[in-house]
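Colleague: Could you take a close look at one spot in this model for me, the one you would check before anything else? Once you have done that, please carry on to whatever else caught your eye.

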Amino acid sequence: MKNHKPTILRIAVPTPLRRSFDYLAPTGCDLTRLQPGMRVRIPFHNRQMVGILLEVCDQSEFAVHKLKQAVEIIDDYPVVSADVMQLCLWAAEYYHHPLGDVLETALPTLLRQGKPLALSQETYWTVTPEALALDFTSLNRSPRQQELLSWLIQHPEGVSKRQIKERDIPSTMMNTLCKKGWATKISKDDILIPSLEIPEPALTLNAAQQHAVTVINAAENFHVFLLDGVTGSGKTEVYLQAISAVLAKGKQVLVLVPEIGLTPQTLERFRKRFSVPVVALHSGLTDKERLNAFLNTQYDHAKIIIGTRSAIFSPFKNLGLIIVDEEHDLSFKQHDGFRYHARDLAIMRAQSNNISIVLGSATPSLETLCRTQQGRYQHLRLPERAGDANIPVFSVLDIRKQHLEEGISQSLLSAMKTHLDKGDQVMLFLNRRGFAPVFMCHSCGWMAKCQRCDSRLTYHSEPSRLHCHHCDSRRSIPKKCDACGENDLQIIGLGTERLEQALQKHFPNFSIARIDRDSTQRKGSMENLLEKIQSGEHQILIGTQMLAKGHHFPNVTLVGIIDTDGGFFSSDFRALERMGQLILQVAGRAGRVSKPGTVVLQTHHPDHPLLHQLLRESYHFFATTLLQERAQALLPPYAFLALFRAEAHDAEQAHQFLQHIKKITDTFAEKMSIWGPVAAPMAKRSGRYRMQLLFQADQRPLLQRYLKKLLPEIEKIPSKHQVRWSLDVDPLEMF
Ligand code: ADP
Ligand code: ZN
Ligand code: ZN
């Protein structure tokens, strides 16, 4: 046939190139069953890769005889559903990121590798008939075994390794049960089915909570709600009751939480309330578990999916509600590669599914507050703490001219003593890990710096070393000064290790838990520490911002913020917003039950007006002032930013590259503000010099038009191979 048109498969391939690739359909492939979103195995530069079918067409901008043939169509149905495809297309366009890479983010590793779309077998434990016949009172002397057995009995379908791990049950205990003949292992498909445990009853809501639940449940179409409730106001209870209504309609729910927020306690709270399968997506899952979670979500077996950032790409069959907890949290933004914001994508997804989304926070981001003021989001407030708990009392401690013992004032020490003597717990917040931030020669002023970064090395005492927190390089502690050879070396400043050491001396009769990136590196150590804090084994808690978020420590009655002033001096225009959020989140750990809480802030700027607004008025007062400043300076949320970053071993190369980008825009008819190129706040990192170029527009569409015109031109810049460059749309951090 002369006019027979070829069948061309347009495919997204995970490469840095911002374009799709055309292939001929594999021989003998049934064209009628091809659907966008299926995986296709293709030859690509001497190897095979897995791409995603975007469309089937009969024309290509390339000569048809030059097109290669695809190897095979891997799937029988699309792995990327229409709704996820739409989200990915939107994200690729908005963030100007290669679609192939975006789609890759949406898939579990095993699917990216081309593995089959099927649940894999898992090991399960079930109870035996012997166990069912057992007289439980005979187990009264081993309450844990008793508890474990009754849990197994409530799960006749069997419990998986994952469930056992999540419950923190040691595998030796399972083995004991097997040896006694009460439990047995079986192997089967990892299909989730409802548990038979009797769900915990819902709490009786207070008036503000009831109002929020009623309004959320009444919404039938796309709606964005800001659930704005002080810490401990019972936002989670509102989520749970809104979820309950959605589950009753047979729909699925997505709950996005910050990286740190997915604690076993959080999960437990959801699992205990509902008998439906709850899937948790977090970094601790194996590839197999992740694939099974993906499929269980797609098959509609999993009804509630709780996960961090990338869970926004989960393949729901029947999504009915999205919740973004702690919506202000920075971890929702991916800060390398595909730099998306999960909260913003969640709003897009809710819109295209025509469902509601609830953004919850005690300290909403200025972006969200601004949109709420504009009437685009509906504001739901929980102004008081739930139950018997009260808002903590703030005490601003002027530490100017005060004698400090390793950074702590006498007043804070005596407040600590009072609380500890009463049997309560005390939490100190210091956002600096290590022993001390500066290691310096007293003879000549030399300071230990990182060879590869524009930063100082932090002194660590356990194990003892100098450590760069930016590139991770380490060196042993020098005996003599690098510059003058004297041995008059001093350790200056305060980190969590030093604070711990000082407090140990001061409070020898109390036990201290330190929670920072160093102390929680080993898997499970965080859970372990948290458990010991809950059980009261530790009375003093020291932590960085890891400790600030989401945790519920009922016996903490005093919170001390060692260094309040960090945000006053940063060059980042968001520093004050962050500082306010962090102070209130940390403060929110105090007095969460009936015991009243006190928060002591050590500061050298006790009269700072913003600090007063935050503590004496409210977060809203504080945020309104910041919003006015942002409006005047034409900064987000009243302006829209895009940041080009470039790094190279030679600073000039990075500079030239960004200069070139700027020059391209000279030819554009529309004008906007462009700042730079300038050195990044951290001018050198891991041996590379870093420059940046900032675009600032008062309208989003103008910025988008600019970027759209610009990117194809950037691809043509010859020197682009000499630099590492990236584009960050809506950057949250300017480093
Ligand atoms: P948030 O998420 O706003 O910080 P939580 O939902 O964790 O607050 O609630 C804080 C505490 O208050 C929890 O212990 C919770 O069980 C309790 N709580 C929430 N709502 C109520 C209510 N309506 N009545 C009694 N206690 C409540
Ligand atoms: Zn020296
Ligand atoms: Zn370094």
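Modeller: Let's go to Glu326, which sits in the loop between strand E13 (319-325) and helix H12 (342-353). Keep in mind that this is a predicted model. The backbone is what caught my eye: phi of Glu326 is near 55°, a positive value, and the residue isn't a glycine. For background, most residues other than glycine have a negative phi. As for its surroundings, Glu326 has a relative accessibility of 14%, so it counts as buried, the cut-off being under 20%.

His96 gives you another case of that backbone feature. Its phi is also a positive value, near 55°, in a residue that isn't glycine. You'll find His96 in the loop between helix H1 (82-94) and helix H2 (99-105). At 8% relative accessible area, His96 is buried.

While we're on backbone geometry, have a look at the cis peptides. Most peptide bonds are trans. The bond joining Glu462 and Pro463 is cis, though, with omega at about -10°. Pro463 belongs to the loop between E21 and E22. Then there's a proline pair: going from Pro636 to Pro637, the peptide bond is cis, and omega is near 5°. Pro637 falls in the loop between helix H19 (619-633) and strand E29 (640-648).

Strands E21 and E22 bring us to the metal sites. Take the zinc ion (ligand 3): its protein donors are the SG atoms of Cys450, Cys453, Cys468 and Cys471, 2.2 to 2.3 Å away from the metal. Along the sequence these donor residues are spaced C-x2-C-x14-C-x2-C. The pair Cys450 and Cys471 ties together distant parts of the chain: Cys450 is in the loop between strand E20 (438-441) and strand E21 (458-461), while Cys471, 21 residues apart from it, is in the loop between strand E22 (464-467) and strand E23 (474-475). Both of these cysteines, Cys450 and Cys471, are buried. The angles among the 4 donor atoms run from 106 to 113°, and the site is tetrahedral.

Now the zinc ion (ligand 2). Here the coordinating atoms are SG of Cys441, Cys444, Cys481 and Cys484, at 2.2 to 2.4 Å. The 4 donor atoms subtend angles of 106 to 114°, so the arrangement is tetrahedral. Their spacing along the chain reads C-x2-C-x36-C-x2-C. Again, a pair links distant parts of the chain: Cys441 in strand E20 and Cys484 in the loop between E23 and strand E24 (489-492), 43 residues apart. Buried or partly exposed? The two cysteines of that pair split on this: Cys441 is buried at 1% relative accessibility, whereas Cys484, at 34%, is partly exposed.

Further along the chain is Thr496, in helix H15 (residues 496-506). Its relative accessible area is 0%, so Thr496 is buried. Leaving aside residues up to four places away in sequence, Thr496 touches Leu430, Arg432, Arg433, Gly434, Arg514, Asp516, Ile542 and Thr544.

Then there's ligand 1, with 18 residues around it, the closest being Thr204, Gln209, Gly232, Lys235 and Thr236. Among the polar contacts, a side-chain atom of Gln209 is 2.7 Å from a nitrogen atom of the ligand. Thr236 puts a side-chain N or O atom 3.0 Å from an oxygen atom of ligand 1, and a polar side-chain atom of Arg269 is 3.1 Å from an oxygen atom of ligand 1. On its own, ligand 1 has 560 Å² of accessible area, and the protein covers 77% of that. Helix H9 (residues 235-248) supplies the largest share of the shell, 3 residues.

Last stop: Asp666, in the loop between helix H20 (651-665) and strand E30 (673-685). With 53% relative accessibility, Asp666 counts as exposed. For a sense of scale, its C-alpha atom is separated by 65 Å from that of Ser187, 479 residues apart along the chain.

Note on methods. Residues numbered from 1 in each chain as written. Chains lettered and ligands numbered in written order. Predicted model: local features only at pLDDT ≥ 70, side-chain atom pairs only at ≥ 80, totals over all residues. Heavy atoms only, no water. Donors = N, O, S within 2.8 Å, 3.2 Å for Na, K, Ca; no water. Tetrahedral: all angles 85-135°; square planar, octahedral: opposite > 155°, others 65-115°. Helix = DSSP H or I, 4+ residues; strand = E, 2+ residues; numbered from the N terminus. Buried < 20%, exposed > 50% of the residue type's maximum accessible area, 1.4 Å probe, protein only. Contact = heavy atoms within 4.5 Å. Near = heavy atom within 4 Å. Polar contact = N/O pair within 3.5 Å; in protein donor to acceptor, adjacent residues only side chain to side chain. Areas by Shrake-Rupley, 256 points an atom, 1.4 Å probe, with all protein chains shown as cover.
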